[in-house]
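Work through the exercises below with the sequence and the model side by side. Try each task before reading its solution.

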Amino acid sequence: MSAKTYEVRTYGCQMNVHDSERLSGLLEDAGYVRAPEGTAEGEADVVVFNTCAVRENADNKLYGNLGRLAPMKTKRPGMQIAVGGCLAQKDRDTIVKRAPWVDVVFGTHNIGKLPVLLERARVQEEAQVEIAESLEAFPSTLPTRRESAYAAWVSISVGCNNTCTFCIVPALRGKEKDRRTGDILAEIEALVGEGVSEITLLGQNVNAYGSDIGDREAFSKLLRACGKIEGLERVRFTSPHPRDFTDDVIAAMAETPNVMHQLHMPLQSGSDTVLKAMRRSYRQERFLGIIEKVRAAMPDAAISTDIIVGFPGETEEDFEQTMHVVREARFANAFTFQYSKRPGTPAATMEGQIPKEVVQARYERLVALQEEISWDENKKQVGRTLEVMVAEGEGRKDDATHRLSGRAPDNRLVHFTKPDEPVRPGDVVTVEITYAAPHHLLAEGPAKAVRRTRAGDAWERRNAAPAEKPAGVMLGIPTIGAPVPTPAPAATGCGCD
C-alpha cells in the first residue's frame, strides 16, 4: 500500500511559511509523503490550508478554495482537508459550518496536533475542531521539512505585545513568548552542521526579544553570538519594530561580520497623526533618526519598509508626510499596502474611511516615487564587485537567458552570467554589476570567482536523494531574506510590525 500524499498551501506572513515547514515535517514524521510537483488540484490525500487573517477578503479566498475541493472530495471519500493558521484561530466553528466537508480545524498554538486530529477525524468520521488558547509547545521543538538546503528560518519568539489598531495578529498569536537563547543557538549550530550557511532570525517583533526576561540588549547579544558560529556566513532578521530598535543593535550589526547590512524597518505612515491613530509608539523624527544612525554606522546598508496608504482619517497632508519620509529615507524597496479593513481590529470601525479611488490615487503616486528611488539606489551598485549566494527558484527567466540568480549580502537580487564551471544553490559567485533595474541587478560579464560551499554540498545531497523535490508554498506575501523563493514583491510580514 503506497503512503498517503499531502499538500500544504500557505498564505500570509513569514511566520506562516515557517509554520508550514513544521506542518510538513509533522506529516512526514507521521508517514505521509509530499505530493509530487505538478500534482493536479484535489489529487493529494491530505490538503492543508495554513491561513492568514490579515486581509479583508481572506475568508472569501479560503472558502472559494474549499468550495473547489468539495466535489473532488465527494469523488474521493478518503481525502482529508485541514484548515489551520490565523483565520482558523479566529473563525473556529464557523469554518465547519460554512464548509462541512472540512475534516480538521486547528489554530496557531497547536500545530503539533495535526497528525493526531487527522487520524481522529478518520476514525470517528466527523470533523475535529481543536483551538488552543495558548502555546502548547514552541514550534521549533517540532519536526521540520525545510524548503531550502542552504538557508533557513530560525524562530526566536512568537506572538506580539503591541496593540496596533490595524493588526489582528496579537489577538491570534498571543502575547510575545521568547525562546531560550541556548536553544536558538543550538538550532543554528545544528543547521550549520547540516550545511545551512544563511539563517534569518524570525519573530513578529524580532528585536523585542528579551522582553520576557527584562534584558533590553538580549537581541544584540544574540546577533553577536551568531557571529561566533563557525560556518555561518549570513545572518538576517525580520521584522523589527522602530520602538525597540536600540543603538546596541545597530552596533552589533555593524561590528559582527556575518550579520548582513540589510534592514527591514516598517514605517507604516510618515504622519505623526496617523501613527498615533495606528497606535504606533514612534513618530517621524524617531524613525528618520534610526535610519540616519544605521546609515552612519553602515553606509552600504540596504533598508526596506512597509507602508499603508489610506488609513482611516488620512488627509492629503498626512500622505505628503509619508512621501517626505520616503524621499528622506531612500529605501531600497518598499512593500506598499492599500489599507483594507481587518475584521476584528479597531481600525475597521474607525470614522473617516477613505474612498477607494482616493486610496488608489495615493498608492500609485507612492509606488511611482519609490520605483524611482529604488532604481536610483540600484544604479549606485553598478561597477561594484559583489559576492552573490546562488539561489534556487528566484530567476524565472534564467533558463532562457542562460543566467543564474542569487542574493547579494544586502539582499538585492542579482542575475548573472552562468559560469563555465558547475554552480549549485548555496555556492558563492563573485561578480561585477553592469546594469541596474528597479528590482534587480545584472552582472553580464564572466564571474570573477566561484566558491563551492558546504551549503552547495547540502543542496546536492538533498537533490540526489530519492524523495520528491519540494513543491514550495504559495506565498501571499513575500519575505525578507532567502529561505524560501518568493513571487514578485508585494509586501513583507503581516504589515503589522
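**Exercise 1. Pairing around β18**

Task: Find how many bridges join strand β15 (residues 385-390) to β18, and state the sense of the pairing.

Solution. This is a predicted model.
- Step 1: Take β15 and β18 together. Five bridges join them, and the strands run antiparallel.
- Step 2: Fix the register. V388 stands opposite V429 in β18.
- Step 3: Turn to strand β21 (residues 449-451). Three bridges join β21 to β18, again in the antiparallel sense.
- Step 4: Fix this register too. T430 has A449 of β21 as its bridge partner.
- Step 5: Check the cover of β18 (residues 428-432). Four of its five residues are buried, so the strand is mostly covered.

**Exercise 2. A three-stranded sheet**

Task: Give the strand order of the open sheet that holds β12, β13 and β14, and say which strands stand at the edges.

Solution.
- Step 1: Read the order. The open sheet runs β12-β13-β14, and the pairing is parallel.
- Step 2: Name the edges. β12 (262-264) and β14 (333-338) each have a single partner strand, so one side of each is left without a neighbour in the sheet.
- Step 3: Add the twist. Neighbouring strands are turned by 10 degrees against each other on average, with direction ignored.
- Step 4: Count one pairing. β13 (residues 302-309) and β14 share six bridges in the parallel sense. V309 stands opposite Q338 in β14.
- Step 5: Recall the principle. Strands of a sheet pair through backbone hydrogen bonds, either parallel or antiparallel.
- Step 6: Place the helix. Helix α13 (residues 356-379) lies across β13 and β14. Its direction is at about 175 degrees to β14.

**Exercise 3. Two helices in contact**

Task: Decide whether α7 and α8 are roughly parallel or roughly antiparallel to each other, and say why.

Solution.
- Step 1: Take the geometry. The axes of α7 (residues 181-193) and α8 (residues 218-226) come within 11 Å and cross at roughly 30 degrees.
- Step 2: Apply the cut-off. Angles under 35 degrees count as roughly parallel. The two helices are therefore roughly parallel to each other.
- Step 3: Give the hand. The crossing of α7 and α8 is right-handed.
- Step 4: List the contact. α7 contributes T181, I184, L185 and I188, while α8 contributes L222, A225 and C226.

**Exercise 4. Annotated cysteines**

Task: Place C160 and C164, and decide for each whether it is buried or exposed.

Solution.
- Step 1: Start from the record. An unreviewed UniProt entry lists C160, C164 and C167 under "binding site".
- Step 2: Locate C160. It sits in the loop between β8 (157-158) and α6 (169-173). C164 is also in the loop between β8 and α6.
- Step 3: Apply the cut-off. Buried means under 20% relative accessible area. C160 has 7% relative accessibility, so it counts as buried. C164 has a relative accessible area of 6%, so it is buried as well.
- Step 4: List the neighbours of C160. Leaving out residues up to four places away in sequence, C160 touches P170, G174, K175, E176, Q204 and N205.

**Exercise 5. One lysine**

Task: Classify K177 as buried, partly exposed or exposed.

Solution.
- Step 1: Locate K177. This residue is in strand β9 (residues 177-178).
- Step 2: Classify. K177 has 42% relative accessibility, so it counts as partly exposed.
- Step 3: Take a distance. The C-alpha atoms of K177 and A254 are separated by 27 Å, and the two residues are 77 residues apart along the chain.

Notes: Residues are numbered from 1 along each chain as its sequence is written. This is a predicted model: local features need pLDDT of at least 70, side-chain atom pairs count only at pLDDT 80 or more; totals for chains, interfaces and linings use all residues. Side-chain values use heavy atoms; hydrogens and water are left out. UniProt positions are given in the numbering used here, feature names are shortened, and annotations may be inferred rather than shown by experiment. Buried means under 20% relative accessible area, exposed over 50%, partly exposed in between (1.4 Å probe, protein chains only). Contact means heavy atoms within 4.5 Å. Two strands pair if DSSP finds at least two bridges between them. Axes are lines fitted to C-alpha atoms, for helices over the stretch in contact, and angles run from 0 to 180 degrees between N-to-C directions. Angles under 35 degrees count as roughly parallel, over 145 as roughly antiparallel, 65 to 115 as roughly perpendicular and the rest as oblique. A crossing is left-handed if the near helix is turned anticlockwise from the far one by less than a right angle, and right-handed if clockwise.
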